[in-house]
Amino acid sequence: MTISTTTRTRQYNGDNSTTVFAYNFNIQADSELEIYLGTPVGAPTSWAQQTLTTHFSVSGAGTAGGGNVTFVTAPPTGTGNVYIRRVTAKTQTSDYVENDPFTAATLENNFDKLTQVTQDMQEEIDRCFKLGSIVPDAGTTEASSVVADRASKLFAFDASGDFSVTQEIGTHTGDWATSTAYVVRDIIKDTSNNNIYICLTAHTSSGSQPISSNADVAKWSLIVDAASATSSATSAASSATTATAQAVIATAKAVLTASDATDTAADLVLTNADVVLTNADVVLTNADVVSAEAAKVAAEGATGASAFKFTFDNSTSMADPGTGEIRFDNATVASVTNLAFDAVSADTSNPDVSDFIASWDDGSNTAHEGYITIRKSGTPATYAVFSLTGSVTDSTGWLQCPVTHVDSNGTWSNADTMFISFSRSGDKGNTGTLAVGTVTGNTVTVGNPATAAVANSGSSTAATFDFTFGIPTGATGARGSDAGLDMTFESTTTDTDQGVGKVWFNHGTLSSATVLYMDDVDANSASINSWVDSWDDSTTTALRGTVKVVQQADPAIFALYNVTGAVTSASTYSKIPVSYVTGAGSFSDTDSSSVSFFRTGDTGSAGSSTPSDDTFRIQDNSDATKEIAFEASGITTGTTRTITMPDSDVTLVASALANVMEDGSPQLGASLDVQGYGVTSSSSIMHPSLTSTGKALVMGF
């Protein structure tokens, strides 16, 4: 037969049902077909060869138009490819004997087989790497037979264009160093200018950097000119600075916020000096090597497009902070109430921005003129936002802005570079128009009798309408948060730490509890230890304060205790001795609770035991008795003073009248009869001895 086609393969997609697949080329035996199943369908990544008879059978061997392949186990799935390939046996089975019949069919079959073998081999040759059809100067095309010559080498062509497998792959060997043996294609960095070189000639290095002036410069090839890239970045940064000055004017008109452009250009990525080699070509991940300093300049230029550049002055006095500087009136950012701006910014040439700052209070919303946003250069997460709450004071050379702290984060240091922007609040809307009218009781008179025509049959006189006034009751609002500490109730009663934000007692029955336990942090993980440990600070030691524990979901559930002793700190929690006062309801484990403490006032100091001149006083004695004390040192000689007892229930004790004279004059004896002083329920106490200066009368009762 004739063989008029070079086709020797067929390919199908399985569908989970088809088991018969045709092939349209001649084979001389069933064994000359190889069948493969590939997955996934459409773009197989793996192939599995099938076995004749076990997996498939063949029909049509010896037929010019081919035949079929039939799967005998299961149909190929929809996720696989069916690939049919002819592989002709490379044998010759005909034996021609002298004088035997020489049939044309046998000879043609042998010629057909030779043709098919040639086609099979050609198909494999077509899939090989090879030189072009016309390469008259082709040199060496064979690889070295020595394994060591081929190991870890590139499949490449040498300087003459000849095939070679002795080319070094080359490695990134880091920074250049003297007295180092370098081989072809080694990659190094010149640390004097960050340039990247690849080795052209194997050698041992000598001399010094830069490579461009080294005696071995011809042995290296520059692949990354970092010095030039840095110079270009510097030029770009200079252009960015010019753009910044122009953007200041645009900012004043557009009133942009700094957050819109804080880090637009800050994310400049510096490519590592790693070199990727592909087929002997050096591929640079990013040829634009930008220095960190250039990136910083570019980032500041982008930020400055919507903000002013100032330098932080950590002084807190409200005065001119200095050229291009800003001050706060408090070292704690959250407590700042005034900002002091210099009239000029810290941008190039120090442009005067005082007119713009002075206009910040021009809006009609005087309670909130706008937001002043401040960000730290290079660290945008360090910021402060203030509300401008009053008039800007222009002090010629510097300006003061009254502010209220809104939000902030991070810390500021003296001389930090800061970018400042202002976003104005909208003006207040116009006041609505009120209808002219009067209200008397439940009657509303609307309109001006002389001019208004109201909904009263078109009458031009005043219209009277009856209304029923009432204020609807709104829905009950959500319960506000308790004023005390947010804690979580713990039902455990042991003297051990129960975890973050827990409050618990030493007894399951709250009325029997004698110790209250408090964790060192509240349920929000805020430290409360110092405050809880101060609950025993009152000098009124018998009752140092009162603690109230309330269930947040139902404030009717509570327990009230008096603090009766010293607080004990147990490292991670505190123990407070308490005495139950009253309470209601019961707590459950994990209840959200509020704990409040009310401190008892300190014990007052004792009063003076000696009254002032002309003053009577009833005072306590150490023996639980009381005395009426009277200081008479300022009484003129001969002056009479009268003590009037409040009522008949007061009885004077005669023995307490001893030692009443304290100026060295004769004293009254303890046995003196009190009746000698004319004491009655409403009479006076007189004694002839109390007529000289400096007499004191003390009577106990």
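Which residues form one aromatic cluster? In this predicted model, Phe308, Phe310, Phe341, Phe356, Trp360 and Phe422 make up such a cluster. The model being predicted, local features need pLDDT of at least 70 and side-chain atom pairs count only at pLDDT 80 or more, while totals for chains, interfaces and linings use all residues. Residues are numbered from 1 along each chain as its sequence is written, and side-chain values use heavy atoms, with hydrogens and water left out.

A pair of aromatic rings is described by the distance of the centres and the angle of the planes. Across the whole structure, 24 aromatic pairs are found (rings of Phe, Tyr and Trp, the last by its six-membered ring, with centres within 6.5 Å; planes under 30 degrees apart count as stacked, over 60 as edge-to-face and the rest as tilted). One of them is the edge-to-face pair of phenylalanine 21 and phenylalanine 71, with 5.8 Å centre to centre and 90° between the planes. This pair links distant parts of the chain, 50 residues apart, since phenylalanine 21 lies in strand 2 (residues 20-23) and phenylalanine 71 in strand 6 (residues 67-71); strands are DSSP runs of E, at least two residues long, numbered from the N terminus. Phenylalanine 21 is buried, with a relative accessible area of 4%, and phenylalanine 71 is likewise buried, at 6%, where buried means under 20% relative accessible area (1.4 Å probe, protein chains only).

Tyrosine 517 and tyrosine 573 also form an edge-to-face pair, at 6.2 Å centre to centre and 65° between the planes. Because tyrosine 517 lies in strand 31 (residues 515-519) and tyrosine 573 in strand 35 (residues 573-584), the pair ties together parts that are 56 residues apart in sequence, and both tyrosine 517 and tyrosine 573 are buried.

Definitions and conventions
Helix = DSSP H or I, 4+ residues; strand = E, 2+ residues; numbered from the N terminus. Buried < 20%, exposed > 50% of the residue type's maximum accessible area, 1.4 Å probe, protein only.
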